[in-house]
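Student: I've got the coordinates open. Can we go through what the labels rest on?

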There are 2 protein chains.
Amino acid sequence: MSHPGATASDRHKVVIIGSGFGALNAAKALRHTDVDIKLIARTTHHLFQPLLYQVATGIISEGEIAPPTRLILRKQRNAQVLLGDVTHVDLEHKMVDSVLLGHTYRTPYDTLILAAGAGQSYFGNDHFAEFAPGMKTIDDALELRGRILGAFEQAERSSDPERRRKLLTFVVVGAGPTGVEMAGQIQELADQTLKGSFRHIDPTEAHVILLDAAPAVLPPMGEKLGLKAKERLEKMGVEIQLNAMVTDVDRNGITVKEKDGSTRRIEAATKVWSAGVQASPLGRDLAHQSDTEVDRAGRVVVNPDLSIPGHPNVFVVGDMAFVPGVPGMAQGAIQGGKYVAKIVHNEQKAREHGTIPKPREPFSYFDKGSMATVSKYNAVAQIPIGKGKLEFGGFIAWLAWLGLHLIYLVGFKTKIATLLSWAVTFFGRQRGQMTITEQQAYARTRLEQLEEIAASLEDEKQAS
Amino acid sequence: MSHPGATASDRHKVVIIGSGFGALNAAKALRHTDVDIKLIARTTHHLFQPLLYQVATGIISEGEIAPPTRLILRKQRNAQVLLGDVTHVDLEHKMVDSVLLGHTYRTPYDTLILAAGAGQSYFGNDHFAEFAPGMKTIDDALELRGRILGAFEQAERSSDPERRRKLLTFVVVGAGPTGVEMAGQIQELADQTLKGSFRHIDPTEAHVILLDAAPAVLPPMGEKLGLKAKERLEKMGVEIQLNAMVTDVDRNGITVKEKDGSTRRIEAATKVWSAGVQASPLGRDLAHQSDTEVDRAGRVVVNPDLSIPGHPNVFVVGDMAFVPGVPGMAQGAIQGGKYVAKIVHNEQKAREHGTIPKPREPFSYFDKGSMATVSKYNAVAQIPIGKGKLEFGGFIAWLAWLGLHLIYLVGFKTKIATLLSWAVTFFGRQRGQMTITEQQAYARTRLEQLEEIAASLEDEKQAS
């Protein structure tokens, strides 16, 4: 595959930032291209984010949805995977700066593909994060698993009815797909898996609240499917509160502002935040150095070919990019990554043959539809047909969800393991991944840890 | 099963401390006894410790070896599982004090079974723990998984040959079963699973050192099997250093004292400590209040019926107890737990019938043998036959190990899932549980975190 006489140093350098759907698909689509690929990411794994909620609620293990990126790309000899947190892109010198454990690195590029995704957005209230973790990373999912299961443990030991109620109240903020899935799964966890395993409390009395500032559940899926999902959740026992805006989150609960301006308080030990996304800060970093613009969510407004203004060799794909009509879902990133890889491939071929590359065609998104599971045996799905949309819910949609997600999981063993995990949870009521670490069982907020450490440092100071 | 007219409050109260083999087997053996059981443990799960090294090296998920104790005991209506760190046993008032997240609890008992196990011992050098985690808990295993895989990641980015060598050197201190298994698995991880997935380093150049102050590998298994294990490990590439005493451990390596008194230094980023055990401090707590004695490892010297002097209603089983001839292995704890449960059962029956219970027969340990895996397809095993011992190694021993461990794993789904995990690792070379969290990927020692936090607090103080 290697270009005769080309060495690593004089080959065209493609740097990809990220290890999600966009980054991985761009890298894989370049496997037959004579370029030198460096994929720099903050995690060692490729995360299959759509199933993250199943890690958080004890159905599957983190290994099933987060295999190491370097093992996926093991056989692709033109790609190197590097762990590091990218802190800055230097457009002028064509360099990417990254940090790993106090060591800083500068990596040169000829072509840059930014696919660093998005984090949770707290709409300017970052202090909420402490009390209401997001649902974006494996760390988030394991942290939430610890908090959810830990709340039941604390309730079992509490003799104060008010405290017990607070511990058994779970608030999920944001009624998009992740919020709907989390709310449904916390309810099923309590009603089915945990049922009968406590002596002092009844876990089926857990109170799950799904809350959104918008007037509907699953707004992007339309009124009909949103209503279907809402009815199903309510039938399961989830309380749905719409038109409710969160104005404060603290250790003991949240404060909500109604549409009429009045505020009320929900006492709840466990809060999950799935309300908004904020693109990687690298988007703003580009905007500072070029004519590139970002939208309010920090997404980069890209050219029709997903490059940025004035830099045809710098592309942005996936959740970091704003492209009208492309939703922030796996398919958007996958298709964006493959599209950019094709441009890079064509232009590399042209360089090799000394010809002029074909002009770039604009990126066009092919809508394959979308779906969300509500509970076991129940999902909602929409598939575009011609100019209309096929919308359906219930068992058939759930089967479609099951099959599609199995197909997309990486690796044969993972597919079998996940099928096994689903079998015990969906056909039975068990969950095989309910382990929480001691660190999680005794989880204190970072603030509490800081206070404790500060106190111990103070003690040490006085002692010496 | 309930005694007519008996309510929870007037039933005989059995408190069990711990959730390991001893505690769980005592609780389960009391399922048909009309007593009120409270099992108080520091973790929510029952840990199958013999396979912990497979979690640390990415073969199986934590869920497979650490199911929630309350789900195992779900159907046993006379048992309640409580999360909490037991801090004190009050022998005079028959109370157990425990703590959970700042809340303290006092639990009364009529009969107490202490089965809180043992932690890692650093022989008075607890500051080693920071740099050389033990192998006793799920937290330890996940922490080590992060450090081991993280070291390869850092090495891939390093251009300094000396630093790279340090990052690719792994020292396992303690050549008992856990040390042998860890050393073998780190070597196989590097040589088989990671091989070919890096571009800058060659993971097969990883240098694994197994080190012990004793003159032999696997001393309790005898000279012949120890030699077999040693030869096999050396053939795999593990360097074995015997008669080598660790005198210091820091971030960058360890210092070793030879038998002749000279010292030398091994530069190694990753250290694993499996050199000694220290029984739960609750043993010493008992000794302070009674005529009970503890040995140097903190184990309680118990009466022949596993009770403590002067307190026939207080029993100690498993790794917390010193019983001549009983090794600190799962079987010792399992048999101890069942034995004590039988005493409690008999005496409860006598109370119910107003009769005098049979005198307690002393505990006798039935040696079922022991085994340790060295590598895939290779283990050593010994089984007592008459007054002698059947000793064997190699593939047959490995098959026996495989079968026995599968049988002892809790739950049908877990057995299937683990068999699947083993199939891909042992017949292939993949590992399905290689995920590390961001927290682990960017792991810094607690000391470094403290220094950082102290600096930021200082900054805040100056700013305000």
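Tutor: Sure, and one convention comes before the symmetry: copies are superposed by least squares on the C-alpha atoms of residues with pLDDT of at least 70 in both. This is a predicted model, where local features need pLDDT of at least 70, side-chain atom pairs count only at pLDDT 80 or more, and totals for chains, interfaces and linings use all residues. Residues are numbered from 1 along each chain as its sequence is written, and side-chain values use heavy atoms, with hydrogens and water left out.

Student: What makes the relation of chain A to chain B that of a two-fold axis?

Tutor: A turn of 180° with a shift of 0.0 Å along the axis lays chain A on chain B, at an RMSD of 0.0 Å. That is therefore the relation of a two-fold axis.

Student: And how do you know that the copies meet through the same surface?

Tutor: Of the interface residues of chain A, 100% are also interface residues in chain B, so the surface is the same.

Student: Why are α5(B) and α7(B) called oblique to each other?

Tutor: Helix α5 (residues 138-157) and helix α7 (residues 177-193) of chain B pack at about 40°, with their axes 12 Å apart. Under 35 degrees counts as roughly parallel, over 145 as roughly antiparallel, 65 to 115 as roughly perpendicular, and the rest as oblique. So α5(B) and α7(B) are oblique.

Student: Which residues of α5(B) and α7(B) meet?

Tutor: Leu144(B), Ile148(B), Leu149(B) and Phe152(B) in α5(B) meet Met182(B), Ile186(B), Leu189(B) and Ala190(B) in α7(B) (contact means heavy atoms within 4.5 Å). By class, that contact has eight nonpolar, no polar and no charged residues.

Student: Over to chain A: why is Gly58(A) called buried?

Tutor: Buried means under 20% relative accessible area, exposed over 50%, and partly exposed in between, with a 1.4 Å probe and protein chains only. Gly58(A) has 0%, so it is buried. Gly58(A) is found in the loop between α2 (52-56) and α3 (62-65) of chain A. Beyond neighbours within four places in sequence, its contacts are Arg145(A), Arg431(A), Gly432(A), Gln433(A) and Met434(A).

Student: What makes Leu101(B) partly exposed, and Leu218(A) buried?

Tutor: Leu101(B) has a relative accessible area of 25%, so it counts as partly exposed. Leu218(A) is at 0%, so it counts as buried. Leu101(B) is in the loop between β5 (95-100) and β6 (103-108) of chain B, and its phi is positive, about 50°, although it is not a glycine. Leu218(A), in the loop between β10 (207-211) and α8 (222-236) of chain A, has a positive phi near 50°.

Key:
Chains lettered and ligands numbered in written order. Axes fitted to C-alpha atoms, helices over the stretch in contact; angles between N-to-C directions. Helix = DSSP H or I, 4+ residues; strand = E, 2+ residues; numbered from the N terminus. Nonpolar A, V, L, I, M, F, W, Y, C, P; charged D, E, K, R; others polar.
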